[in-house]
Amino acid sequence: MTSNFEKLIPREAGVLLSIKTINDLGIIKKDMMRKIILNKGITVVKLGSKNFIDRGTLIEYLESNVISATN
């Protein structure tokens with residue numbers, strides 16, 4: 001069974017999601033998101049001093065890092 005991240009991440013959150021928004025939605029915690037960004041695991045859009053993640057990029061990242069559990 002795969003997760004449908006399109007449905008899990010509401011479009012109302014916007015096209016560009018801040019680290020705080022991603023944390024508030026319960027997707028990835030702030031500290032982990034910062035580590036992913038520093039390790040160049042995900043592409044960011046920098047506006048001023050803030051980092052934003054494109055909704056589509058976040059969904060691609062999550063889908064590529066899902067590991068199915070086997071019994």
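The largest nonpolar core of this predicted model has 15 residues. Those with the most contacts inside this core are Ile22, Ile28, Met33, Ile42, Ile53, Leu58 and Leu62. Helix 2 (19–24), helix 3 (30–38) and helix 4 each give two or more residues to this core. Helix 4 gives the most, with four residues. In soluble globular proteins, nonpolar side chains tend to be buried together.

Met33 shows how this core is joined. Setting aside residues up to four places away in sequence, Met33 touches Ile19, Ile22, Ile28, Ile42 and Ile53.

**Overall layout**

The protein chain holds four helices and three strands. Read along the sequence, their pattern is α-β-α-α-β-β-α. The C-alpha trace spans about 45 × 30 × 20 Å along its principal axes. The chain has 71 residues, and buried residues make up 27% of them. Consider the contacts between residues at least 6 apart in sequence: 53% of these join residues at least 24 apart.

**The sheet**

Three strands form an open sheet. Their order is 1-3-2, and the pairing is antiparallel. Strand 1 (16–18) and strand 2 (45–47) are the edge strands, and each pairs on one side only. On average, neighbouring strands of this sheet are turned by 40° against each other, direction ignored. Strand 2 pairs with strand 3 (residues 50–54) over three bridges, in the antiparallel sense.

Helix 4 (residues 55–64) lies across strand 1 and strand 3. This helix runs at about 70° to strand 3.

Leu47 gives a view of the sheet from one edge strand. Leu47 has its place in strand 2. Its bridge partner in strand 3 is Lys50. Beyond its neighbours within four places in sequence, Leu47 is in contact with Leu16 and Phe52. Leu47 counts as partly exposed because its relative accessibility is 47%, and the buried class lies under 20%. The C-alpha atoms of Leu47 and Leu8 are separated by 25 Å. These two residues are 39 apart along the chain.

**Arg55 and its partners**

Arg55 lies in helix 4. Is Arg55 buried or exposed? Its relative accessibility is 6%, so Arg55 counts as buried.

Which residues does Arg55 contact, leaving aside its neighbours within four places in sequence? They are Glu6, Ile9, Pro10, Arg11, Gly14, Val15 and Leu17.

Glu6 meets Arg55 in two ways. The side chains of Arg55 and Glu6 form a salt bridge, at 3.2 Å from N to O. In addition, a polar atom of the Arg55 side chain lies 2.9 Å from the backbone oxygen of Glu6. The salt bridge links distant parts of the chain. Arg55 is in helix 4 and Glu6 is in helix 1 (residues 5–8), 49 residues apart. Glu6 is partly exposed, with a relative accessible area of 39%. A network of salt bridges links Glu6, Arg11 and Arg55.

**Salt bridges**

The count of salt bridges comes to four. Three of them are set out here, with the closest N and O atoms giving the distance.

| Salt bridge | N to O distance |
|---|---|
| Arg55 and Glu6 | 3.2 Å |
| Lys20 and Asp24 | 2.8 Å |
| Arg34 and Asp31 | 3.8 Å |

Lys20 and Asp24 both lie in helix 2. They are four residues apart, about one turn of the helix. Asp24 has 52% relative accessibility and therefore counts as exposed.

Why are Arg34 and Asp31 separated by about one helical turn? Because they are three residues apart in helix 3. Arg34, at 43% relative accessibility, counts as partly exposed. Asp31, at 56%, counts as exposed.

**Pulling it together**

Helix 4 recurs in this account. This helix gives four residues to the largest nonpolar core. It lies across strand 1 and strand 3. It also holds Arg55, whose side chain meets that of Glu6 in a salt bridge.

Conventions: Residues numbered from 1 in each chain as written. Predicted model: local features only at pLDDT ≥ 70, side-chain atom pairs only at ≥ 80, totals over all residues. Heavy atoms only, no water. Pairing = 2+ DSSP bridges. Axes fitted to C-alpha atoms, helices over the stretch in contact; angles between N-to-C directions. Contact = heavy atoms within 4.5 Å. Buried < 20%, exposed > 50% of the residue type's maximum accessible area, 1.4 Å probe, protein only. Core = buried A, V, L, I, M, F, W, Y, C linked by side-chain atoms within 4.5 Å. Polar contact = N/O pair within 3.5 Å; in protein donor to acceptor, adjacent residues only side chain to side chain.
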